[in-house]
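Please open the structure in your viewer and keep the selection tool at hand. The tour below goes from stop to stop, saying what to select and what is to be found there.

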Amino acid sequence: MIDTNEIFNYDKSLLSEDIKLIAGMDEVGRGPLAGPVVTACVAMPYDFMIDGVFDSKKVTKKNRERLYDEIISHALDYSISVIDQDTIDEINILNATKMAMTKSFNDLKVKPDILLIDAVKLNLSNNERSIIKGDATSYAIACASIIAKVYRDRIMEEYSKIYPQYDFDHNVGYGTKKHIDAIKQFGITKIHRLSFLKSIIGEETCKKIYLERRAK
């Protein structure tokens, strides 16, 4: 059973005379074969709790949509960053994630007294904590997780209208059987990550398409 009070209380336990503003950061989209990686950074108030906030992967789509609107409505500040598939292929997914997180942090209008990040270490703030499974530990990170997840899912739903045969509105770019079968039948799209497709279409084919993309 999900105890959302526990993650809220974790953040509240950090508040002190020196720590009044907490920001949480998370990413969505490191594993898919297609589409961007998205990060969100959010600073939330702690005089009340939005009921149901937790790790976005464990919240239903309907509840994520509701929570997304509530989080954005109540956030003291938030920022979303998107890094596309070409950049992911150029600098690798970890560096692309760090690039997006750095931009999300820098785009905040207010600077937090402490920055909580899910798993990744960045050194963006003098007071920064990298928390394993942070989206199930910290309220602020969970809020960021939901923002990033809903935002990226909406991007992939728009791409599904352009490329309906790849089922992006359901798999959001992950390597499901239907998605992989579509790649084998129809080829790849401009939003596919070549660096993730070597085992599916072959390393030489990936290199060829990569060079063609760079030449444009």
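Select Arg 66 and Glu 70 and show their side chains: in this predicted model the two form a salt bridge, with the closest N and O atoms 2.8 Å apart. Both residues belong to helix H2, where they are four residues apart and therefore separated by about one helical turn. Turn on a surface, if your viewer has one, and look at how far each of them is covered: Arg 66 is partly exposed, with a relative accessible area of 35%, and Glu 70, at 27%, counts as partly exposed too.

Next, select Lys 61 and Glu 157, whose side chains meet in a salt bridge with an N to O distance of 2.8 Å. Which parts of the chain does this pair tie together? Lys 61 lies in helix H2, which covers residues 61-74, and Glu 157 lies in helix H5, which covers residues 139-162, so the bridge joins parts that are 96 residues apart in sequence. Lys 61 is partly exposed at 43% relative accessibility, and Glu 157 is partly exposed as well, at 22%. Now add Glu 65 and Arg 154 to the selection, since these two are linked with Lys 61 and Glu 157 in a network of salt bridges.

For another pair within a helix, move to helix H9, residues 203-215, and select Lys 207 and Glu 204, which are three residues apart there, about one turn of the helix. Their side chains also meet in a salt bridge, at 3.9 Å from N to O, a distance that still counts because the cut-off for such a bridge is 4 Å. Glu 204 is exposed, with a relative accessibility of 58%, whereas Lys 207, at 44%, is partly exposed. If you wish to go on looking for such pairs, the count for the structure comes to 18 salt bridges.

Now colour helix H1, residues 4-12, together with H5, and turn the view until both axes can be followed; they come within 7 Å of each other and cross at roughly 120°. That angle makes H1 oblique to H5. Which residues meet where the two helices touch? On the H1 side select Ile 7, Phe 8 and Asp 11, and on the H5 side select Tyr 139, Ala 140 and Ala 142. The residues of this contact divide into five nonpolar, no polar and one charged.

The next stop is about aromatic rings, of which the structure holds six pairs. Select Tyr 166 and Phe 186, an edge-to-face pair with 6.4 Å from centre to centre and 65° between the planes. The pair links distant parts of the chain, 20 residues apart, with Tyr 166 in the loop between H5 and helix H6 (168-171) and Phe 186 in helix H7, residues 177-186. Is each ring-bearing residue buried or exposed? Tyr 166 is buried, with a relative accessible area of 2%, while Phe 186 is partly exposed, at 44%. Add Tyr 163 and Phe 168 to the view, and you have the cluster that ring pairs form from Tyr 163, Tyr 166, Phe 168 and Phe 186.

Stay with Tyr 166 and display what surrounds it: leaving aside neighbours within four places in sequence, Tyr 166 is in contact with nine residues to pick out by name, namely Asn 171, His 179, Ala 182, Ile 183, Phe 186, Gly 187, Ile 188, Thr 189 and His 192. To get a sense of scale, draw a distance from the C-alpha of Tyr 166 to that of Asp 55, which gives 27 Å for two residues that are 111 apart in sequence.

The last stop concerns the backbone. Most residues other than glycine have a negative phi. Select Asp 167, in the loop between H5 and H6, where phi is positive, near 65°; Asp 167 is buried, with a relative accessible area of 12%. Then go to Asn 92, in the loop between helix H3 (85-91) and helix H4 (93-106). Asn 92 has a positive phi as well, of about 85°, although it is not a glycine, and its relative accessible area of 38% makes it partly exposed.

How values were computed: Residues numbered from 1 in each chain as written. Predicted model: local features only at pLDDT ≥ 70, side-chain atom pairs only at ≥ 80, totals over all residues. Heavy atoms only, no water. Buried < 20%, exposed > 50% of the residue type's maximum accessible area, 1.4 Å probe, protein only. Axes fitted to C-alpha atoms, helices over the stretch in contact; angles between N-to-C directions. Parallel < 35°, antiparallel > 145°, perpendicular 65-115°, else oblique. Contact = heavy atoms within 4.5 Å. Nonpolar A, V, L, I, M, F, W, Y, C, P; charged D, E, K, R; others polar. Phe/Tyr/Trp six-rings, centres within 6.5 Å; stacked < 30°, edge-to-face > 60°.
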